[in-house]
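The following exercises concern a single protein chain. Each task is followed by a solution in steps.

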Amino acid sequence: KRTLGEYFELDVDAMGLDSWAGEATLNNLQLRTEAAERALGNIMPGARCSGGHAANVTAKIPWKSLVRGDFTQPCVLKLDRLEVRFQGLTGTEPSSFFLDRAKAAEAVAVQTRKDLLEAHDKLAELMAAEAK
């Protein structure tokens, strides 16, 4: 409840819970917009979350194994059909995260074009030499 409740509006009474089996299922959860903004703030600064939901969230916790001291079994959190809606960015500067990646991709594209042109020129020279 503590972890999911940070991101979703929870109705614990509506939760399908088999506690000893370690499985809980929640349906049609509404996303807390502030949590989405905090979680994505580093890569999308200025973005405002206008809403969202998860159709189904299932948590599986292997209690029986944990009680026995067996920590090899994974805890699983499954989100089904997660939707997050954002409004436009409010800042004027694009995120440096995206700008840095765009600049790196552009540099790779420019270098690749140069390499291809050089290879084309060398091939043309070789073909011209063969033709003589």
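**Exercise 1: Backbone outliers**

Asn-28 counts as exposed because its relative accessible area is 57%, where exposed means over 50%, buried under 20% and partly exposed in between, with a 1.4 Å probe and protein chains only. The model is a predicted one, in which local features need pLDDT of at least 70 and side-chain atom pairs count only at pLDDT 80 or more, while totals for chains, interfaces and linings use all residues. Residues are numbered from 1 along each chain as its sequence is written, and side-chain values use heavy atoms, with hydrogens and water left out.

Task: determine the sign of phi for Asn-28 and for Arg-81, and locate each residue.

Solution.
1. Phi of Asn-28 is near 50°, a positive value in a residue that is not glycine; Asn-28 belongs to strand E2.
2. For Arg-81, phi is near 55°, again positive in a residue other than glycine, and the residue lies in strand E4.
3. Arg-81 has 59% relative accessibility and therefore counts as exposed.

**Exercise 2: Elements and core**

Task: give the order of the elements and describe the largest nonpolar core.

Solution.
1. The protein has 4 helices and 4 strands; helices (H or I, at least four residues) and strands (E, at least two) are DSSP runs numbered from the N terminus.
2. From the N terminus, the order is α-β-β-α-β-α-β-α.
3. Of the 132 residues, 18% are buried.
4. The largest nonpolar core has 9 residues, among them Leu-4, Phe-8, Cys-49 and Val-57. Such a core is a set of buried Ala, Val, Leu, Ile, Met, Phe, Trp, Tyr and Cys residues joined through side-chain atoms within 4.5 Å.
5. Strand E2 (23-30) and strand E3 (48-60) are the elements that give two or more residues to this core. E3 supplies the largest share, 3 residues.

**Exercise 3: Surface patches**

Task: identify the residues of the nonpolar patch and of the negative patch.

Solution.
1. Patches consist of residues with over 30% relative accessible area and no salt bridge; like charges are joined within 9 Å, and nonpolar side chains (Val, Leu, Ile, Met, Phe, Trp, Tyr) within 5 Å. A salt bridge is a side-chain nitrogen of Lys or Arg within 4 Å of a carboxyl oxygen of Asp or Glu.
2. Leu-77, Leu-79, Leu-82 and Val-84 make a nonpolar surface patch of about 330 Å².
3. Leu-77, in strand E4 (residues 76-87), is partly exposed because its relative accessibility is 47%.
4. Asp-115, Glu-118, Asp-121 and Glu-125 form a negative surface patch.
5. Asp-121 is part of helix H4 (residues 96-131).

Note on methods:
Areas by Shrake-Rupley, 256 points an atom, 1.4 Å probe, with all protein chains shown as cover. Lys, Arg positive; Asp, Glu negative; His and termini not counted. Charge placed at Lys NZ, Arg CZ, Asp CG, Glu CD.
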